[in-house]
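Student: Please take a close look at the empty space in this structure and describe the residues around it. I would also like the setting in which that space is found.

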Amino acid sequence: MAYRKFQADQLFTGHKLLDKENVLIVNEEGVVQDIISYQDAGDNVQIFKGILSPGFINCHCHLELSHLKNIIPPHTGLIEFLSSVVQKRGFAPQTIQEEIVKAEKELYDNGTIAVADICNTTDAIEVKRKSKLRWHSLIEVISFSDEKAEYWIQHYKNVLREHYVNLEKPNRNVLTPHAPYSISQKTFELINEATANQIISIHNQEHPAEDELYKTGAGDYLKLFKIFGIETSPFPVTGKSSIRSYLPYFKNGQTILLVHNTYMQEGDIEFAAGYAKDNKLALIHCLCPNANLYIENKLPPVEQFIKHNCSIVLGTDSYSSNWQLSITKEIETLKHHFPKISLESLLQWATINGAKALQWDDELGSFEAGKKPGVILIGRGFIETKRIM
């Protein structure tokens with residue numbers, strides 16, 4: 001069997017950064033064979049400038065919103081942003097499909113190997129069916145009232161069924177809640193029942209109004225609700241932050257990707273970790289820094305997540321809220337704003353942590369014998385990323 005040998009300025013294994021004296025050996029199918037010293041590698045070593053890395057795991061994307069690229073201006077603030085997403089409809093199906101195709105290609109070309117992708121519709125199924133990427137499709141439930149909870153759960157189960165029919169293993173499909181400000185009590189209960197031991201996600205604490213909604217029943221989300229004909233908050237006033245109010249609905253062994261976390265307080269981080277431990281949940285903190293800057297021009301408390309040993313992964317969010325779909329650019333942004341975080345840690349968040357979060361680390365996320373994680377080259381200065389295999 002023929003083998004390919006790769007060397008670069010640095011080799012990131014998924015766990016550690018190694019120097020240029022190390023060579024990655026893969027077979028023609030891209031299955032990792034070994035990492036050996038350069039002096040033992042023999043002939044035909046391909047030499048690159050930059051960092052060789054396993055393919056990236058994008059833990060939060062909305063592929064079906066790709067047609068909103070450059071439609072919603074930056075820095076509107078979350079409430080105005082959400083209102084724009086809801087109201088900007090009427091795009092031609094052909095346009096939606098064309099933009100989904102472009103976005104999927106960009107993800108692939110920028111070194112992504114697997115994606116946790118939010119879906120409200122079946123719009124992206126055909127592109128995913130042909131894709132070289134692996135997809136964990138999260139069918140996102142929105143249901144403001146208990147009265148319509150069963151109706152909307154059934155609606156999204158129908159969307160889920162279409163994903164099951166068309167997307168074969170290793171792709172996965174699961175129901176997931178949208179956000180604490182769009183899921184009623186009964187809907188949370190039904191989602192908990194439907195997602196036992198599955199990997200789900202929720203948009204968490206993106207704006208101070210989310211906590212205010214649960215603490216007082218007031219705040220800026222009332223402006224969003226009016227678009228749906230809702231005059232007062234349909235959610236219980238608990239006097240607590242949103243995560244302290246909704247997380248107790250989950251008790252069936254779920255892995256939950258907490259996405260964004262822009263305004264998450266240290267006390268809530270501690271509460272969430274304690275609740276998860278006591279109730280056998282796994283919590284993952286998914287950071288989408290460029291989307292946070294695009295919408296709110298604010299970053300989450302990354303140092304607090306590190307301090308409390310949170311499991312951290314990365315996502316790009318959608319083209320409605322980002323300038324590109326590049327995990328490299330997410331790493332670059334974090335590296336710029338949080339220079340004390342090691343490059344090794346940032347790369348772990350983008351690779352092995354994501355693979356573990358999505359439970360694909362037996363095949364993806366690191367250069368270990370028998371895995372096929374993809375091989376990418378991160379250019380010097382994080383200017384660009386190229387796919388090698």
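Tutor: The answer below begins with the overall fold, turns to the empty space, and ends with some individual residues.

The model is predicted, so local features need pLDDT of at least 70 and side-chain atom pairs count only at pLDDT 80 or more, while totals for chains, interfaces and linings use all residues. Residues are numbered from 1 along each chain as its sequence is written, and side-chain values use heavy atoms, with hydrogens and water left out.

The protein has 14 helices and 17 strands (DSSP runs numbered from the N terminus, H or I of at least four residues for helices and E of at least two for strands). Along the principal axes, its C-alpha atoms fill a box of roughly 70 × 45 × 40 Å. Of the 389 residues, 57% are buried (under 20% relative accessible area, against over 50% for exposed and in between for partly exposed, with a 1.4 Å probe and protein chains only). Among contacts (heavy atoms within 4.5 Å) between residues at least 6 apart in sequence, 73% join residues at least 24 apart.

Rolling a probe the size of a water molecule over the atoms shows where empty space is left. On a 1 Å grid over the protein atoms alone, a cavity is a set of points where a 1.4 Å probe fits but cannot get out; a pocket is an open set with protein on both sides within 12 Å along at least five of seven lines, and lining residues have an atom within 4 Å of a point. Points are joined across faces, edges and corners, and a volume is the space filled by probe spheres set on them.

The largest pocket holds about 1,100 Å³ of space. Its lining has 41 residues, and those nearest the centre are Val85, Val86, Arg89, Asn120 and Ile142. Helices α1 (78-87) and α4 (149-166) each supply at least two lining residues, and α1 gives the most, with five. By class, this lining has 18 nonpolar, 15 polar and eight charged residues (nonpolar: Ala, Val, Leu, Ile, Met, Phe, Trp, Tyr, Cys and Pro; charged: Asp, Glu, Lys and Arg; polar: the others, Gly among them).

The second largest pocket has a volume of about 480 Å³. Ile113, Lys132, Leu133, Arg134 and Lys372 lie nearest its centre, among 23 lining residues. Here 10 lining residues are charged, eight nonpolar and five polar.

A search of the whole structure finds one cavity of 30 Å³ or more. The largest cavity has about 50 Å³ of space and is lined by Leu78, Glu206, Thr262, Ala291, Asn292, Ile295 and Glu296. Helix α10 (residues 289-295) provides the largest share of that lining, three residues. The cavity lining comprises three nonpolar, two polar and two charged residues.

Some individual residues complete the picture. Trp135 lies in strand β10 (residues 134-141) and counts as buried because its relative accessibility is 0%. Beyond residues up to four places away in sequence, Trp135 touches Leu63, Glu104, Leu107, Val115, Asp117, Lys128, Asn171, Arg172 and Trp360. The C-alpha atoms of Trp135 and Asn58 are 9.8 Å apart, although 77 residues separate the two along the chain.

The peptide bond from Lys169 to Pro170 is cis, with omega near 15 degrees, and Pro170 sits in the loop between α4 and β11 (172-177). His260, in strand β13 (residues 255-260), has a positive phi of about 85 degrees although it is not a glycine; at 1% relative accessibility, His260 is buried. Asn309, also not a glycine, has a positive phi of about 55 degrees. Asn309 belongs to the loop between α11 (302-307) and β15 (311-314) and, at 70% relative accessibility, is exposed.
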